[in-house]
Amino acid sequence: MATFLDYARDEVHTFAEQPFCGEDALIFSQLVYLSFPGALAMKSLTLQQLLRRETYSALIDEM
């Protein structure tokens, strides 16, 4: 069974190509709980880049 993290990793369409949906809302609602370290917060990253294995632990360490 796929999760919203699978959807975030695999979805490549823009909102212009595919309308905003419930899965998108869930992902954005979860982003508010992440801790963005200074260097990471200053970068313009895609969700796929944020969820890379090497950055994920930095995002959840202070939860």
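Ring pairs tie Phe 15, Phe 20 and Phe 28 together into a cluster. Keep in mind that this is a predicted model. Let's use the cluster as a starting point and then look around it.

**The whole protein**

First, the big picture. The protein has five helices and zero strands, so reading from the N terminus on, the elements simply go α-α-α-α-α. There are 63 residues in the protein, and buried ones make up 16% of them. The accessible surface comes to about 5,000 Å², and carbon and sulfur atoms own 60% of that. What about contacts across the chain? If you take the contacts with a separation of 6 or more, 32% of them involve residues 24 or more positions apart.

**The three phenylalanines**

Now back to the rings. How many aromatic pairs does a search of the whole structure find? The search turns up three. One of them is Phe 15 with Phe 20: the ring centres are 5.4 Å apart and the planes sit at 55 degrees, so this pair is tilted. Phe 15 also pairs with Phe 28, and that pair is tilted too, with 6.2 Å centre to centre and 45 degrees between the planes. This second pair links distant parts of the chain, since Phe 15 is in the loop between α1 (4-10) and α2, while Phe 28 is in helix α2, 13 residues apart. Phe 20, for its part, is found in the loop between α1 and α2.

Are these rings buried or exposed? Phe 15 is partly exposed, at a relative accessible area of 46%. Phe 20 counts as partly exposed at 49%, and Phe 28 also counts as partly exposed, at 39%. The reason is simple: each label follows from the value, because partly exposed covers the range between under 20% (buried) and over 50% (exposed). On the surface, Phe 15, Phe 20 and Phe 28 form a nonpolar patch, with about 320 Å² of accessible area together.

**Some other residues to find**

Here are the accessibility values for a few residues from this part of the chain.

| Residue | Relative accessible area | Label |
|---|---|---|
| Asp 24 | 8% | buried |
| Gln 30 | 35% | partly exposed |
| Glu 17 | 54% | exposed |

Start with Asp 24, which lies in helix α2 (residues 22-31). Asp 24 is buried because its relative accessible area is 8%, and the cut-off for buried is under 20%. Which residues does Asp 24 touch, leaving aside its neighbours within four places in sequence? The contacts are Tyr 7, Phe 15 and Pro 19. So Phe 15 shows up again: besides its ring pair with Phe 20, Phe 15 is in contact with Asp 24.

Gln 30 has its place in helix α2 as well. At 35% relative accessibility, Gln 30 counts as partly exposed. Try finding Phe 4 too: Gln 30 and Phe 4 are 26 residues apart in sequence, and their C-alpha atoms are 10.0 Å apart in space.

Finally, there's Glu 17, which is found in the loop between α1 and α2. With 54% relative accessibility, Glu 17 counts as exposed, because the cut-off for that label is over 50%. What lies 3.0 Å from a polar atom of the Glu 17 side chain? That would be the backbone nitrogen of Thr 14.

Definitions and conventions. Residues are numbered from 1 along each chain as its sequence is written. This is a predicted model: local features need pLDDT of at least 70, side-chain atom pairs count only at pLDDT 80 or more; totals for chains, interfaces and linings use all residues. Side-chain values use heavy atoms; hydrogens and water are left out. Helices (H or I, at least four residues) and strands (E, at least two) are DSSP runs, numbered from the N terminus. Buried means under 20% relative accessible area, exposed over 50%, partly exposed in between (1.4 Å probe, protein chains only). Contact means heavy atoms within 4.5 Å. Accessible areas come from the Shrake-Rupley method with a 1.4 Å probe; for residues, only the protein chains shown count as cover. Rings of Phe, Tyr and Trp (its six-membered ring) pair if their centres lie within 6.5 Å; planes under 30 degrees apart count as stacked, over 60 as edge-to-face and the rest as tilted. Patches are made of residues with over 30% relative accessible area and no salt bridge: like charges are joined within 9 Å, nonpolar side chains (Val, Leu, Ile, Met, Phe, Trp, Tyr) within 5 Å. A salt bridge is a side-chain nitrogen of Lys or Arg within 4 Å of a carboxyl oxygen of Asp or Glu. A polar contact is a pair of N or O atoms within 3.5 Å; within protein, one must be able to donate a hydrogen and the other to accept it, and residues adjacent in sequence count only if both atoms are side-chain atoms.
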